Amino acid sequence: MDKLEDIIKNVELLIDNSLQTISKIKNLDELEHIRVSTLGKRGSISILMGLICGFSSNDARKKIGLTLNDAKITISDAINVRKIILEEQILNERLGYEQIDITLPVRNERVGRIHPISQTIDEVIAIFGQMGFILAEGPDIENDENNFKALNFPDKHPARRMFDTFFLPGKRNDSQLLLRTHTSTVQVRTMLIQNPPIRIISPGRVYRRDFDMTHTPMFNQVEGLVIEKTINMSHLKGCLIEFVKTYFEIHSVPVRFRPSFFPFTEPSAEVDIGCLRNNGELKIGLGTDWLEILGCGMVHPEVLSNCNIDPSKYQGFAFGMGIERIAMLKYGIPDLRNFFCSDLRWLKHYGFMPLDIPTILGGLSR
Ligand code: PHE
């Protein structure tokens, strides 16, 4: 029969050996193997426990039991500590080879392109945003009141024929439904719910019954509206000249304000920019030709009254322009209809990189 001291010695040896082996183990599988072979049901500790039955003295049994329990705790602690160290090592190795350099450029071919209309809207928002304009939106389906009447187009007024309107069946608030022909509807909506000062821009889709090289039944406009006590025509001019220069990214574009007519502005003007037409090529900022790009004017007092703003206290200016038109001019896109063809080859050619978000500081179109 084993002597008590022999067993105790064996246990000490087992602890020494196990701790040495554990400290050198390099992977979790080996560690698990050691755990099973020492602490498992048929492991060394269990086998040594079995020897207890050979002793009749309670003291001897107790001593062996306590020694083995201590051994179990010591070895299991060492295994746990080693496990934590190994897991940390494995994680660090993974972090080493799974590193991602987020400053690397993305793979262009995987992310698609931003449509020139979205790009142009973002550029316009960046420019006017810098001037303190905030974004306002309105619905495509409107009524006669917001599209015409409140904007000083009385019933049967000949100016209504400026637009070939798509009328819809039905009425809202007793007023004929239609697809809005211009974004000036958002002027009305904003003035009705907001007290001056007002400074908004409103991009969005508009609809007119027209279709050829330069007209599509749906296109995009952006509207601008400023209402304050002392706003005057020189503010309008300064604001639009600044816009034109920034948008076309040309320091010296000639800009001309030509008298015009809109029922909702008085005086009204159309804005032309200087350009050069040569063998079908168009260069903006040079030459002696003029190109119309937008309509504008001082908000008609009648429109202010219609929208519950006192024209003896407030005045303001408004402008509206076609998004596709200014996009075609800036980016040399020849045919309007292609904007709406969903031709991916066209989009690949004229589209913009999704992560190049236009800003005044970072650059509009790079
Ligand atoms: N709504 C006009 C149009 O569609 C443009 C415009 C807006 C003109 C604001 C003057 C002021 O042609």
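Student: Where does the ligand sit?
Tutor: This is a predicted model, in which local features need pLDDT of at least 70 and side-chain atom pairs count only at pLDDT 80 or more, while totals for chains, interfaces and linings use all residues. Residues are numbered from 1 along each chain as its sequence is written, and side-chain values use heavy atoms, without hydrogens or water. A pocket is an open set of points on a 1 Å grid over the protein atoms alone, where a 1.4 Å probe fits, with protein on both sides within 12 Å along at least five of seven lines; a molecule sits in it if more than half of its atoms lie within 2 Å of its grid points. By that test, the ligand sits in the largest pocket.

Student: Which residues are closest to the ligand?
Tutor: Count a residue as near if one of its heavy atoms lies within 4 Å of the molecule. In total, 15 residues surround the ligand. The closest are His182, Ser184, Arg208, Gln221 and Glu223.

Student: How many residues of the shell around the ligand are charged?
Tutor: Ala, Val, Leu, Ile, Met, Phe, Trp, Tyr, Cys and Pro count as nonpolar, Asp, Glu, Lys and Arg as charged, and the others, Gly among them, as polar. The shell has 6 nonpolar and 7 polar residues. The charged ones number 2.

Student: Which strand gives the most to the shell around the ligand?
Tutor: Strands here are DSSP runs of E, at least two residues, and helices are runs of H or I, at least four, numbered from the N terminus. S6 (218-228), S10 (289-299) and S11 (315-322) each supply at least two shell residues. With 3 residues, the top contributor is S11.

Student: How much of the accessible area of the ligand does the protein cover?
Tutor: Start with the polar atoms: a ligand nitrogen is 3.0 Å from a side-chain N or O of Ser184. Ligand oxygens come in at 2.9 Å from a side-chain N or O of Arg208 and 2.9 Å from a polar side-chain atom of Gln221. Accessible areas come from the Shrake-Rupley method with a 1.4 Å probe. On its own the ligand has 320 Å², and the covered part is 92%.

Student: Is Asn146 buried or exposed?
Tutor: Asn146 lies in helix H7 (144-147). Its side chain joins that of Glu142 by a polar contact (N or O atoms within 3.5 Å, one able to donate a hydrogen and the other to accept it; residues adjacent in sequence count only if both atoms are side-chain atoms) of 3.0 Å. Buried means under 20% relative accessible area, exposed over 50%, partly exposed in between (1.4 Å probe, protein chains only). At 10%, Asn146 is therefore buried.

Student: How far apart are the C-alpha atoms of Leu329 and Phe248?
Tutor: Leu329 belongs to helix H11 (323-331), and its 16% relative accessible area makes it buried. Along the chain, Leu329 and Phe248 are 81 residues apart. Their C-alpha separation is 8.8 Å.

Student: Where is Pro267, which follows Glu266 in a cis peptide bond?
Tutor: The Glu266 to Pro267 bond has omega near -5 degrees. Pro267 is found in strand S8 (265-278).

Student: What is phi of Lys156?
Tutor: Lys156 is in the loop between H7 and strand S3 (167-172). Its relative accessible area of 81% makes it exposed. Lys156 is not a glycine, yet its phi is positive, about 65 degrees.

Definitions and conventions:
1 Å grid on protein atoms, 1.4 Å probe; cavity = no way out; pocket = protein on both sides within 12 Å on 5 of 7 lines; lining within 4 Å.
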